[in-house]
Amino acid sequence: NHFFELLVPSFASAVVALRMPVRPWALLCCAAQREVMWSSSRSRSRAHQIPCLGQGSRRGLHQQSEDSSSSSSTSSSSALPAKKLLVVYHTQSGNTEKLARAVVEGAAQFPDEVQVTLKRAFDTRLEDLLEADGLLIGTPENFGYMSGAIKDLFDRTYYPAEGKMTGRPYAVFVSAGNDGTGAMSQIHRIAKGYTWKKVLEGHISRKAVSQSDLEACRELGATMAGGLSVGSF
């Protein structure tokens with residue numbers, strides 16, 4: 001026993017020095033060491049020998065092991081259902097659509113955990129809102145206000161959705177000529193009526209859509225999807 005206690009660390013050091021594979025030899029030496037220790041223990045005391053299992057007991061343990069393995073395999077293979085992220089937008093010049101598609105690109109980084117749906121506001125139904133686990137709303141700013149299509153969506157769904165979407169995480173992105181804060185603040189105000197929860201600051205693109213705007217929207221989508229995937233929102 002003392003011989004193997006000295007042999008294993010010395011041999012492992014030599015193997016590392018020679019850049020030889022360590023794992024198979026280390027396992028072999030450890031197995032031999034355990035065998036010596038077991039033999040020595042048996043010779044010192046017969047009273048502590050492990051009794052042999054009968055045929056029935058061995059079958060029981062084997063069946064128990066199979067059941068445990070099957071249960072573990074089943075639980076690991078059953079994946080949780082994907083979260084649903086709804087991206088709703090309206091566009092007139094095409095700028096808001098560019099931002100919306102950038103949002104979707106960012107959210108697509110979590111394909112197994114989050115199902116992303118992109119819809120125009122006029123095509124969005126009450127059921128789409130209720131089924132969504134998270135919302136990203138995009139609008140152009142018209143005279144300091146949200147677009148008529150986004151307002152129409154709220155008009156159609158506000159009362160039917162009342163009390164059914166409490167705490168739903170959301171964020172807003174806006175395409176504006178000069179400001180954009182008016183449209184964003186109005187959406188936040190209506191969202192409080194839905195009892196949604198603002199989880200991100202959103203983004204305002206002013207004038208022509210730039211690469212930095214697109215990157216910010218990709219990050220917005222990725223952050224929302226990432227938060228949904230781990231349940232932090």
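Biologist: What makes Tyr 170 and Trp 196 count as buried or exposed?

Modeller: A residue is buried at under 20% relative accessible area, exposed at over 50% and partly exposed in between, using a 1.4 Å probe and protein chains only. Tyr 170 is buried, and Trp 196 is buried too. This is a predicted model, so local features need pLDDT of at least 70 and side-chain atom pairs count only at pLDDT 80 or more, while totals for chains, interfaces and linings use all residues. Residues are numbered from 1 along each chain as its sequence is written, and side-chain values use heavy atoms, with hydrogens and water left out.

Biologist: How confident is the predictor in this chain?

Modeller: On the pLDDT scale, the predictor's confidence in each residue from 0 to 100, the protein chain averages 79, and 66% of the residues score at least 70. Residues 68–78 stay under 50 and have zero contacts beyond four places in sequence, a contact being heavy atoms within 4.5 Å.

Biologist: How many aromatic pairs are there, and what makes two rings a pair?

Modeller: The whole structure holds six. Rings of Phe, Tyr and Trp (its six-membered ring) pair if their centres lie within 6.5 Å; planes under 30 degrees apart are stacked, over 60 edge-to-face, and the rest tilted. Tyr 158 and Tyr 194 sit 5.1 Å apart, centre to centre, with 75° between the planes, and that pair is edge-to-face. Tyr 158 is in the loop between helix H6 (148–157) and strand E4 (169–176), and Tyr 194 is in helix H7 (residues 181–194), so the pair ties together parts 36 residues apart in sequence. Helices (H or I, at least four residues) and strands (E, at least two) are DSSP runs numbered from the N terminus.

Biologist: Why are Tyr 158 and Tyr 194 classed as buried, exposed or partly exposed?

Modeller: Tyr 158 has 24% relative accessibility, so it counts as partly exposed. Tyr 194, with a relative accessible area of 2%, is buried.

Biologist: And what kind of pair do Tyr 170 and Trp 196 form?

Modeller: Their ring centres are 5.7 Å apart and their planes lie at 55°, so this pair is tilted. Tyr 170 belongs to strand E4 and Trp 196 to the loop between H7 and strand E5 (197–198), so parts 26 residues apart in sequence are tied together. Ring pairs also link both into a cluster with Phe 154, Tyr 158, Tyr 159 and Tyr 194.

Biologist: How do you know where the buried residues of H6 lie around its axis?

Modeller: They are Ala 149, Ile 150, Leu 153, Phe 154 and Thr 157. Their arc, taken from the directions from the helix axis to the C-beta atoms, is only 145°, so they are on the same side of H6. Their cover includes strand E1 (83–89), helix H5 (126–131), strand E3 (134–140) and H7.

Biologist: What makes a nonpolar core, and which residues touch the most other members of the largest?

Modeller: A core is a set of buried Ala, Val, Leu, Ile, Met, Phe, Trp, Tyr and Cys residues joined through side-chain atoms within 4.5 Å. The largest has 27 residues, and Leu 135, Ile 150, Phe 154 and Trp 196 touch the most other members. H7 gives the most to this core, six residues. Another core, of 19 residues, lies apart from it and includes Leu 136 and Leu 214.

Biologist: How do you know whether the span of helix H8 agrees or disagrees with what is expected?

Modeller: The expected span is 1.5 Å times one less than the number of residues. For the 20 residues of H8 (residues 211–230) that is 28 Å, and the end C-alpha atoms are 29 Å apart, which agrees. Just after H8, Gly 231 takes a positive phi of about 75°.
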